[in-house]
Structure formats: C-alpha cells, structure tokens
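Visitor: Hey, can we look at how two helices pack in this one?
Guide: Sure, here it comes.
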Amino acid sequence: MKLVYTGKTKNVYELENGHYLLKFKDDVTGADGVFDPGMNQVGLTIEGVGDVNLRMSIYFFEKINAAGIRTHFVSADLNNTTMEVLPAKVFGKGLEVICRLRAVGSFLRRYGDYVEEAAVLPSYVEMTFKNDEKGDPLVTRDGLEVLGVMTPEQYETIKTMTQQITKIVADEMAARGMELYDIKFEYGYDANGEVMLIDEIASGNMRVYKDGEYIQPMTLSELFFK
C-alpha cells in the first residue's frame, strides 16, 4: 500500500487494484483537549473513536447503497479499522455539503434575525468550501458554476442525493428515539463525472438531539449501537 494522504482523522492509501483504503484514527477535532466536530484541527485522541466511526459508516453506507444511491463504499475491515473505497475526485479543493432539518449552529448565527432557534427547516441544503483559514466559506449554486467547480446538473444531483441520504439517517435516529438536526457530507465524482457520496458518515458529522438536548458524538455512537 502507498500512503497518499495524511488527514486529521483518517489516512488514505492507494491499493494495487486501483481502489483506496481509508485507515480510521482515534484522533478527533477540537481544542484545548475538548472534542468539537466543528473544529478544523486535531484536539485530542479518544481511544476507540476510529472503530465506532467506521461501524456507523459501514451501517449507513450499506443502507444507502441498498437504496440505489451511489457511494464510494466497497468493503470494510473492523479488525484493522479500514474501509476500501472507489477512487473519486473531490469538487474543487474540497467541498462540504450540509443538510439542515432545524435551525442551529452556524445557520442560526447567520440568520438569527429571521429564524428562531431549532425552527424546523425543509431539508435545507447548503455548500461550503473546505478552507480552514477562511472559515469554510459558503458558496452558492451560481458561484460553483462560475468558478468551474461543478455543473448545474451535478449540483442538482448532489442536492437530491443529500436530501435522500439525510432522510435515511434521520429515520434511523428517530427509530432510536433521537432527532437529527443537521448533517455534513462530502461528495466526489468518477472518471465519467458521476457523483458519489464519499468520506464517512459518523456521529462527529451530525447534530442529534434527544428530548431537546444535544447528544455528544461519542454518546451518540453508544446510543446508536445500544
């Protein structure tokens, strides 16, 4: 295996068959020893977090694939905390896609003059460029097209996929007595320009509440697989 990328929470290796291998780490983002999924730097190491992130990713990728929605997931090895994935190019220099079901977090900070906290949102999709220094700036559909990052058709495909996948995750949380408020995804595309869901689907990429109280990501993982 050839190491091609060292990430904050995962390393990426190239396999001989043309696929890639993601090695999940126990490092998590945060600051001053406090876990914060919204941070852009590694803040601490939590034993076992790589394992639970992989377990949740496997669970959802299998459900999403079964629903006929394209992902990069091929297989996984829990003993080695690795996931084999299809090759995919990212959009631009990296793009995050957020689906919001309730008004919290940065959405509330931006638009608090117009919406109350935790107000219900209609599976609202927004996209941000992955850029730590610039605070992951928002970008519009027109902006993505003008900048040559994606076509209007790819945008609409991603929006539809995001809303479909979010419903799958939200339904699974609801079945466990919890409510999904928002979730963050990443997408890529293959040599033919076909869009696919990439990266991971883990508790650190979503906000989930129970009885109106926010559930910390590690607690969420424990509750999910209880």
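Visitor: How do the axes of α1 and α5 cross, and at roughly what angle?
Guide: In this predicted model, the axes of α1 and α5 (residues 217-224) come within 11 Å and cross at roughly 55°. Axes are lines fitted to C-alpha atoms, for helices over the stretch in contact, and angles run from 0 to 180 degrees between N-to-C directions.
Visitor: Parallel, perpendicular or oblique?
Guide: α1 and α5 are oblique to each other (under 35 degrees is roughly parallel, over 145 roughly antiparallel, 65 to 115 roughly perpendicular, the rest oblique).
Visitor: Which residues make the contact?
Guide: V49, V52, M56, Y59 and F60 of α1 and M218, S221 and F224 of α5, where contact means heavy atoms within 4.5 Å.
Visitor: New topic: how many residues has α1?
Guide: Helix α1 (residues 49-66) has 18 residues. Helices are DSSP runs (H or I, at least four residues), numbered from the N terminus.
Visitor: What comes after α1?
Guide: G68 follows, and its phi is positive, near 85°.
Visitor: And E62, is it buried or exposed?
Guide: Partly exposed, with a relative accessible area of 46%; buried is under 20%, exposed over 50%, partly exposed in between (1.4 Å probe, protein chains only). E62 is in helix α1.
Visitor: Which α1 residues are buried?
Guide: Among them are V52, M56 and F60.
Visitor: Any small print?
Guide: Local features need pLDDT of at least 70, and side-chain atom pairs count only at pLDDT 80 or more, while totals for chains, interfaces and linings use all residues. Residues are numbered from 1 along each chain as its sequence is written, and side-chain values use heavy atoms, leaving out hydrogens and water.

Conventions: Expected span 1.5 Å × (residues − 1).
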